[in-house]
Amino acid sequence: MIALPLEVLERVSQHLDYKSLLAFSTVKKAARSASRRWIFRDLTLSFSSPTTLREATSTWQEILTASGSARCVHNVHILAPKYTDPTWSSEAQRVEDCGDHPLQSWRYTDMDVTDATLACKDADWECLVQLLEALPSLRNLTWGRSEQIPTALIKVLRHWLPKCLLHMPNFYLQSLRQLAQNPITIEDHDLQIATLPNLYSLVTVSYGSISGEYADYNELAVLDMAAGAAPGLREVSILRNQEGASISDGTPDLVRQTWTPRTLLSAPNPSEHGRLQSLELLPFWIDVDALTLWWQTTDVRKLQSLKLHTPLEPEELYWMRDNWDLPCLRTLAIGLQSDQRHQSPTPELVDATEAFLLSLPCLRSLKLGGAFTKRTLSLALQHSGESLRELYLSQANNRDDIDYSYDSACFATKDLLRSLGQHCPNLERLALSIMRRQGNLDEVGIYRALGVLRNMRHITLNVYAPQKLAQSTAAMDVAEQRIETTGIGDMSEVQEITAAIKDLAVDHILAARIFHVISCAKSTFAPHLERLDLNIAAVKDFGYFMDMQPERT
């Protein structure tokens, strides 16, 4: 350690988590010097009142002055003290989490302000402004508060920190949530926010109506911002609440004013397009009209990430293939609509999905939700090949067409894993489903096959049981009703459920053993497996049977 040069110590510091970094900085002066730029790289301010804000900023100013580390601060996060679970929205509950944690985009959109005192006056923010002005290397500012970003801070960003990027994970313009019967007006302060050159990314929840008489025009304003009103805007994530209207046709049950497209642009030009790099949408549905609006709004050729968290139908897939040229796309997340009667992908959907995927460049990250076939998956793997680093496949409990056999596309099989190793040797993150059979040879063989994937670092497994009754929610409901009515259950049904519960009884000891089996299958010089997530969501369907008394069985 004594002989190591400062450059090596800095490289070590770069790969440590924050707790380890603090411990490393206490080893010696050279380690402290090397780690300082990483210790102070991120600064978070979370406060519940103007008083606690002044205390927090004063503390940080003293620390940065004493350590001479003001130039080390690159990222500042201004957050609320508490946030609620983003699954509060019925639309959020529809999003399929395949290990990619899609709801993380909206984690700051609903906050608990029960015990908070909001800062409303410009004088309340003066201490924060002074702190930011003392950070010459500031690159990113995240505003995750319920209060609108203050005017004084807007001035700092415009004139003092013009290269600092502003991220608003709880974006909304207050004046655009107004009485539906009133003419649409936007306050000067909101207009300053919407046209701020520093604004780089925003996350918002859109409502068509609020309490039956108020209209929300924020999603329409975001379209204008993406079209060029916010010249630096590059990333947009929109969650439309269930009662929210489609941006293409307004709210059918609420009479509200008509929004004129490009209202926020100082000099509207129909041929002008924005330059979004990331677009994420979570509406109740996505139709061709909505896709056309975004196509008219932004230059889709610049998109690097496209996430459509809703079941798409053949019409939308074919339209995107024919109209959206996506040469820069690297990340894609889509859901696929199943046939409503048979709950399986129709031939038209299969053909449309494959046509769309083949029209894309080689992807780095791919998420397939909903209904897809083995042929579609195989084609996607061959198309992206060595470029693919992340693959997320739908959970079986969201695929009603699945018979839970090893022939299902989203289940881990030796053939699938062999294909991954052959076509996608650089894959680092993988999420798929697996059938638990109490550790038999087939199951262990799957774990070992996962270990053969040389560059794999993070695996998410959705665990399911092979019992037939456990595969059908409807069948379990019938069995539950019969037992509740008669007090007697079919012995074979009870035995199946008991066996399924045993298969799904995964504790930390078993998880550690599975991790060990996968890790031991890796070659000597391959990267280590860093994380294994086991999702036992299927066990929720057995709640009633897990509470049954022994004598009833």
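**Group meeting: a walk through the predicted model**

Half of this chain is interior, in the sense that buried residues make up 50% of its 553 residues. Before going further, please keep in mind that this is a predicted model. The secondary structure comes to 18 helices and 17 strands. The accessible surface of the protein chain is about 26200 Å², and carbon and sulfur atoms account for 50% of that. As for the contacts with a separation of 6 or more, 78% of them are between residues 24 or more positions apart.

I will start with the aromatic rings. The structure holds six aromatic pairs, and I will go through two of them. A pair of aromatic rings is described by the distance of the centres and the angle of the planes.

The pair to begin with is F47 and W125. These two rings are edge-to-face, with 6.0 Å from centre to centre and 70° between the planes. Where do F47 and W125 lie in the chain? F47 is in the loop between β1, residues 42-46, and α4, residues 50-67. W125 is in the loop between β2, residues 75-79, and α5, residues 126-133. That puts the two residues 78 apart, so this is a pair that links distant parts of the chain. Both F47 and W125 are buried.

W125 also pairs with W143. That second pair is tilted, at 5.2 Å centre to centre and 55° between the planes. W143 belongs to strand β3, residues 140-144, while W125 is in the loop between β2 and α5, so the pair ties together parts that are 18 residues apart in sequence. W143 is buried, as is W125. Taken together, ring pairs link F47, W125 and W143 into a cluster.

One charged residue belongs in this picture. Which ring does the charged end of R145 sit over? It is the ring of F47, and the charged end of R145 is 3.9 Å from the ring centre.

While we are in the loop between β2 and α5, H101 lies there too. Its phi is near 50°, which is a positive value in a residue other than glycine. H101 counts as partly exposed, because its relative accessibility is 39% and that class runs between 20% and 50%.

Next, the loop between α4 and β2, where A70 is found. Buried or partly exposed? A70 has a relative accessible area of 21%, so A70 is partly exposed, given that buried means under 20%. Leaving aside neighbours within four places in sequence, A70 is in contact with L64, A134, L135 and P136. A70 and S137 are 67 residues apart in sequence, and their C-alpha atoms are 8.0 Å apart in space.

For an exposed residue, look at K19 in helix α2, residues 18-25. The relative accessible area of K19 is 72%, and K19 is therefore exposed. Along the chain K19 and I39 are 20 residues apart, and their C-alpha atoms are separated by 9.5 Å.

Q178 is in strand β5, residues 177-179. This residue is buried, because its relative accessible area is 9%. Apart from neighbours within four places in sequence, Q178 is in contact with P183, I184, T185, E213, Y214, A215 and Y217.

The last region is a helix pair. Helix α8, residues 218-229, and helix α9, residues 288-297, pack at an angle of about 35°, and their axes are 8 Å apart. Which residues meet? On the α8 side there are V222, L223, A226 and A227, and on the α9 side L293, W294 and T297. The residues of this contact divide into six nonpolar, one polar and no charged.

T298 takes us out of the helix pair, being placed in the loop between α9 and β11, residues 305-312. Why does T298 count as buried? Its relative accessibility is 1%, and buried means under 20%. Not counting residues up to four places away in sequence, T298 touches A226, H273, G274, R275 and L276. A226 we have already met, in α8 at the contact with α9. H273 and T298 are 25 residues apart in sequence, and 4.6 Å apart in space from C-alpha to C-alpha.

To recap, we have seen the cluster of F47, W125 and W143, with the charged end of R145 over the ring of F47, and the packing of α8 with α9.

Methods. Residues are numbered from 1 along each chain as its sequence is written. This is a predicted model: local features need pLDDT of at least 70, side-chain atom pairs count only at pLDDT 80 or more; totals for chains, interfaces and linings use all residues. Side-chain values use heavy atoms; hydrogens and water are left out. Axes are lines fitted to C-alpha atoms, for helices over the stretch in contact, and angles run from 0 to 180 degrees between N-to-C directions. Helices (H or I, at least four residues) and strands (E, at least two) are DSSP runs, numbered from the N terminus. Contact means heavy atoms within 4.5 Å. Ala, Val, Leu, Ile, Met, Phe, Trp, Tyr, Cys and Pro count as nonpolar, Asp, Glu, Lys and Arg as charged, and the others, Gly among them, as polar. Rings of Phe, Tyr and Trp (its six-membered ring) pair if their centres lie within 6.5 Å; planes under 30 degrees apart count as stacked, over 60 as edge-to-face and the rest as tilted. Buried means under 20% relative accessible area, exposed over 50%, partly exposed in between (1.4 Å probe, protein chains only). A charge sits over a ring if NZ of Lys or CZ of Arg is within 6 Å of the ring centre and within 35 degrees of the ring normal. Accessible areas come from the Shrake-Rupley method with a 1.4 Å probe; for residues, only the protein chains shown count as cover.
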